[in-house]
Amino acid sequence: MEPVLKVEQLSKVFGGLTAVSRCQIELYPGELVGLIGPNGAGKTTIFNLLTGVYPPTEGNIYFAGKNITGSKPYQITAMGMARTFQNIRLFADLTVLDNVKIACHWHGQYGLLSTILRLPGFNAGEKIMTEKAEELLKIFRLDHKKNELAKNLPYGEQRRLEIARALAARPRLLLLDEPAAGMNPQETRELMNLIRWVRNEFDLTILLIEHDMSLVMGICERIYVLDYGKVIAHGTPEEIQNDPKVIEAYLGEEVKRA
Ligand SMILES: Nc1ncnc2c1ncn2[C@@H]1O[C@H](COP(=O)(O)OP(=O)(O)OP(=O)(O)O)[C@@H](O)[C@H]1O
């Protein structure tokens, strides 16, 4: 099977600091894979490289068989990669519904002229987008809040809204940066189930950065462990939990406790 994502010898140097060093990562269709590592290990930098926020210093990124190294973020999004951010980035002053509609991939199916003149093509497109956005909100149990401003949602709901918005672009690869950050254990458990369900339902491949080890070990089929920018281990949750290099990187604690 062809990998959805293949990262070869990926490196990023900021000034004198090597944040990511010769990483090799492969994701296969439908996989749910974790990316873990201590603070500052380079996890978010990898997401930023994958999504074109920074060009890599070295190495290549292949997405759906194409070399996307050096592509711009909007090009990569259009090819089917979506992400969420460690610090939530919603449009705070837009409604919950508009946050999702703005990302809908049905955008652009009608031209500028029909948008300005509100021609039938615009109205039909607008209706489809609203329906699709409402469907997504229902899945994420946010439909009853669709007219509220995003900034007024509690934290856990903002996190769910961010994932719903990412899915509106109909990605084939979804990158989640600490989706459970700031959630309580009950919300985290619900989110785990939701991520699993969404992966199956939307035929997605998911790469997930997460500090909550019970979440990572509970839902990921494979895990990559980064330390000082390098992949020091990859394997099943069980293999990772018992890997001496991983235990050392984490000083034993978090990984064993999970
Ligand atoms: N734009 C940048 N300029 C300079 N240094 C950077 C930049 N982005 C990240 N770094 C550095 O690269 C290293 C890796 O950071 P990164 O944010 O990728 O780690 P992380 O594993 O995501 O950490 P955390 O778990 O704390 O979010 C850190 O030392 C960080 O300070």
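**Close-up views of a predicted model**

**View 1. The end of helix α1.** Right after α1 comes Gly52, with a positive phi near 80°. This is a predicted model, so keep that in mind for every view here. Looking back along the helix, 7 of the 8 residues of α1 are buried, so the helix is largely enclosed by the rest of the structure. The buried ones are Lys43, Thr45, Ile46, Phe47, Asn48, Leu49 and Leu50.

**View 2. The open sheet that α1 packs on.** Four strands line up here in the order β2-β1-β4-β5, with antiparallel pairing, and the sheet is open. At the edges stand β2 (17-27) and β5 (66-67); each has a single partner strand, so one side of each is left without a neighbour in the sheet. Helix α1 (residues 43-50) packs on this sheet and touches β1, β2 and β4, with its direction at about 65° to that of β2. Further in, β1 (residues 5-14) and β4 (residues 58-63) pair in the antiparallel sense over 5 bridges. To find your way around, start from Val7, whose bridge partner in β4 is Ile61. As a reminder, strands of a sheet pair through backbone hydrogen bonds, either parallel or antiparallel.

**View 3. The shell around the ligand.** Which residues surround the ligand? They are Phe14, Leu17, Ala19, Gly37, Asn39, Gly40, Ala41, Gly42, Lys43, Thr44, Thr45 and Gln86. Two elements, β2 and α1, give two or more residues to this shell. The largest share, 3 residues, comes from α1. Two of the shell residues, Lys43 and Thr45, also turn up among the buried residues of α1.

**View 4. Strand β9 and its two partners.** On one hand, β9 (residues 222-227) runs parallel to β3 (residues 32-36), and 4 bridges join them. Here Ile36 has Val225 of β9 as its bridge partner. On the other hand, β9 is joined by 5 bridges to β10 (residues 230-235), and this pair runs antiparallel. In that pairing, look for Leu226, whose bridge partner in β10 is Val231. The β9 and β10 hairpin has 2 residues between the strands, and Tyr228 takes a positive phi near 45° in it.

**View 5. The largest nonpolar core.** This core counts 69 residues, and Val100, Leu137, Ala164 and Val225 touch the most other members. Helix α6 (residues 155-168) gives the largest share, 6 residues. The core isn't confined to one domain: at least three residues come from each of domain 1 (1-80 + 171-258) and domain 2 (92-170). Zoom in on Val100 and, leaving aside neighbours within four places in sequence, you'll find contacts with Ala133, Leu136, Leu137, Ala164, Arg165 and Ala168. In soluble globular proteins, nonpolar side chains tend to be buried together.

**View 6. Where the two domains meet.** The chain splits into domain 1 (1-80 + 171-258) and domain 2 (92-170). How many residues are in contact across the two domains? On the domain 1 side there are 10, in contact with 8 residues of domain 2. Both β7 (173-177) and α7 (185-201) supply at least two residues each to the side of domain 1 that touches domain 2.

**View 7. Stepping back to the whole chain.** Overall, the chain holds 11 helices and 10 strands. Of its 258 residues, 38% are buried. Among contacts with a separation of 6 or more, 64% are between residues 24 or more positions apart.

Technical notes:
Residues are numbered from 1 along each chain as its sequence is written. This is a predicted model: local features need pLDDT of at least 70, side-chain atom pairs count only at pLDDT 80 or more; totals for chains, interfaces and linings use all residues. Two strands pair if DSSP finds at least two bridges between them. Two residues are in contact if their C-beta atoms, placed from the backbone, lie within 7 Å. Axes are lines fitted to C-alpha atoms, for helices over the stretch in contact, and angles run from 0 to 180 degrees between N-to-C directions. A nonpolar core is a set of buried Ala, Val, Leu, Ile, Met, Phe, Trp, Tyr and Cys residues joined through C-beta atoms within 7 Å. A residue is buried if 20 or more other C-beta atoms lie within 10 Å of its own, exposed if 12 or fewer, and partly exposed in between; C-beta atoms are placed from the backbone. Domain bounds come from an automatic or database domain assignment. A residue is near a molecule or strand if its C-beta atom, placed from the backbone, lies within 6 Å of it.
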